[in-house]
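Biologist: I have a model on the screen and some terms I would like justified. Can we go through them one at a time?

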Amino acid sequence: MMKHQEKERILKERARELAREPEKKDTSGEYVRVVEFLLAYERYALEASYICEVYPLKELTPLPCTPPFVLGILNVRGRIFSVIDIRKFFELPEKGITNLNKVIILSTDKPVPERIDGMEFGILADAVSGVKSVPLHEIQTSLFTLTGIREDYLKGVTKDRTVILDAMKILSDKRIVIHEQV
């Protein structure tokens with residue numbers, strides 16, 4: 001049973017919350033829609049316009065003699081996609097595979113500089129949080145804690161510390177393409 005003082009405190013707190021001025025909505029209309037996902041407990045996002053679909057990680061076929069960042073291939077309704085674990089690029093700790101893992105399939109219809117034609121692949125995510133719109137003016141362009149390849153792929157950071165990755169750079173990165181013969 002809740003004491004009278006506790007009830008009064010909760011009611012005052014609610015009243016303060018309801019009396020607060022609502023946050024001003026951005027009227028500039030310049031937003032970017034992103035798909036937010038988790039990698040090793042950090043929040044990342046990719047621009048939704050580069051994402052074909054999000055697919056559950058199931059029936060992954062490992063590929064022998066590939067670099068550690070290539071998890072394998074995935075058949076999505078008859079189309080074969082490589083699945084990349086970008087945690088290995090970012091030197092993030094491994095978390096293991098669970099039922100929450102998803103594959104975010106990247107592709108583009110836009111011209112990609114230095115792009116190898118037909119470049120499409122999936123990126124492993126620990127979990128997908130959802131889609132949201134981020135006002136462009138709220139995206140910070142640099143973050144000193146991101147270094148190396150994470151800095152190369154960085155598009156910006158939101159107010160709530162979600163790292164937005166540059167899908168165009170990921171799709172056009174020649175380090176991801178493997179041309180090896182056994």
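Biologist: Which residue stands opposite L124 of β7?

Modeller: V103 stands opposite L124. Keep in mind that this is a predicted model.

Biologist: How do you know that β6 and β7 count as paired strands?

Modeller: Pairing takes at least two bridges between the strands. Strand β6, residues 102-106, shares 5 bridges with β7. That meets the cut-off, and the sense is antiparallel.

Biologist: What about β5 and β7: which way do they run, and how many bridges join them?

Modeller: They run parallel, and 3 bridges join β5 (residues 79-84) to β7. At least two are needed, so the pair qualifies. V83 has G122 of β7 as its bridge partner.

Biologist: Why is β7 called largely enclosed?

Modeller: Buried means under 20% relative accessible area. In β7, residues 121-125, 5 of the 5 residues are buried, so the strand is largely enclosed by the rest of the structure. F121, I123 and A125 point one way, G122 and L124 the other, and all are buried.

Biologist: What is the strand order of the open sheet that holds β7?

Modeller: The order is β3-β6-β7-β5-β4. That makes an open sheet of 5 strands with mixed pairing.

Biologist: Why do β3 and β4 count as edge strands?

Modeller: Each has a single partner strand, so one side of each is left without a neighbour in the sheet. β3 covers 51-56 and β4 covers 70-76. On average, neighbouring strands of this sheet are turned by 30° against each other, direction ignored.

Biologist: How is β3 joined to β6?

Modeller: By 5 bridges, with the two strands running antiparallel. One of the bridge pairs is P56 with K102 of β6.

Biologist: On to β1. What makes β1 and β2 a hairpin?

Modeller: The two strands pair in the antiparallel sense over 6 bridges. They have 2 residues between them. In the turn, A40 has a positive phi of about 50°.

Biologist: Which strand besides β2 pairs with β1, and in what sense?

Modeller: β8, residues 127-135, pairs with β1, residues 31-39, in the antiparallel sense over 8 bridges.

Biologist: Which residues stand opposite V34 in β8 and β2?

Modeller: V34 lies in β1. Opposite V34 in β8 is K132. Opposite V34 in β2 is E47.

Biologist: Why does V34 count as buried?

Modeller: The cut-off is under 20% relative accessible area. V34 is at 1%, so V34 counts as buried.

Biologist: What does V34 touch, leaving aside neighbours within four places in sequence?

Modeller: The contacts are A45, L46, E47, A48, G130, V131, K132, V134 and I164. The C-alpha atoms of V34 and L46 are separated by 5.3 Å, though the two residues are 12 apart along the chain.

Biologist: E47 of β2 is charged as I would draw it. Is E47 buried or exposed here?

Modeller: Buried. E47 has 15% relative accessibility, and the limit is under 20%.

Biologist: How do you know that E47 and K155 make a polar contact?

Modeller: The N or O atoms must lie within 3.5 Å. The side chains of E47 and K155 make their contact at 2.7 Å. That passes the distance test.

Biologist: Now D152 in helix α3. Why is D152 called partly exposed?

Modeller: Buried is under 20% and exposed is over 50%, with partly exposed in between. D152 has 37%, so D152 is partly exposed.

Biologist: Which residues does D152 touch, not counting those up to four places away in sequence?

Modeller: K169 and R175. As for I170, that residue is 18 places from D152 in sequence and 9.1 Å away in space, C-alpha to C-alpha.

Biologist: Step back to the protein. How many helices and strands are there?

Modeller: There are 4 helices and 10 strands. Of the 182 residues, 38% count as buried.

Biologist: What share of the contacts joins residues at least 24 apart?

Modeller: The share is 60%, among contacts between residues at least 6 apart in sequence.

Biologist: And how much surface is accessible?

Modeller: About 11,900 Å², of which 52% belongs to carbon and sulfur atoms.

Technical notes: Residues are numbered from 1 along each chain as its sequence is written. This is a predicted model: local features need pLDDT of at least 70, side-chain atom pairs count only at pLDDT 80 or more; totals for chains, interfaces and linings use all residues. Side-chain values use heavy atoms; hydrogens and water are left out. Buried means under 20% relative accessible area, exposed over 50%, partly exposed in between (1.4 Å probe, protein chains only). Contact means heavy atoms within 4.5 Å. Accessible areas come from the Shrake-Rupley method with a 1.4 Å probe; for residues, only the protein chains shown count as cover. A polar contact is a pair of N or O atoms within 3.5 Å; within protein, one must be able to donate a hydrogen and the other to accept it, and residues adjacent in sequence count only if both atoms are side-chain atoms. Axes are lines fitted to C-alpha atoms, for helices over the stretch in contact, and angles run from 0 to 180 degrees between N-to-C directions.
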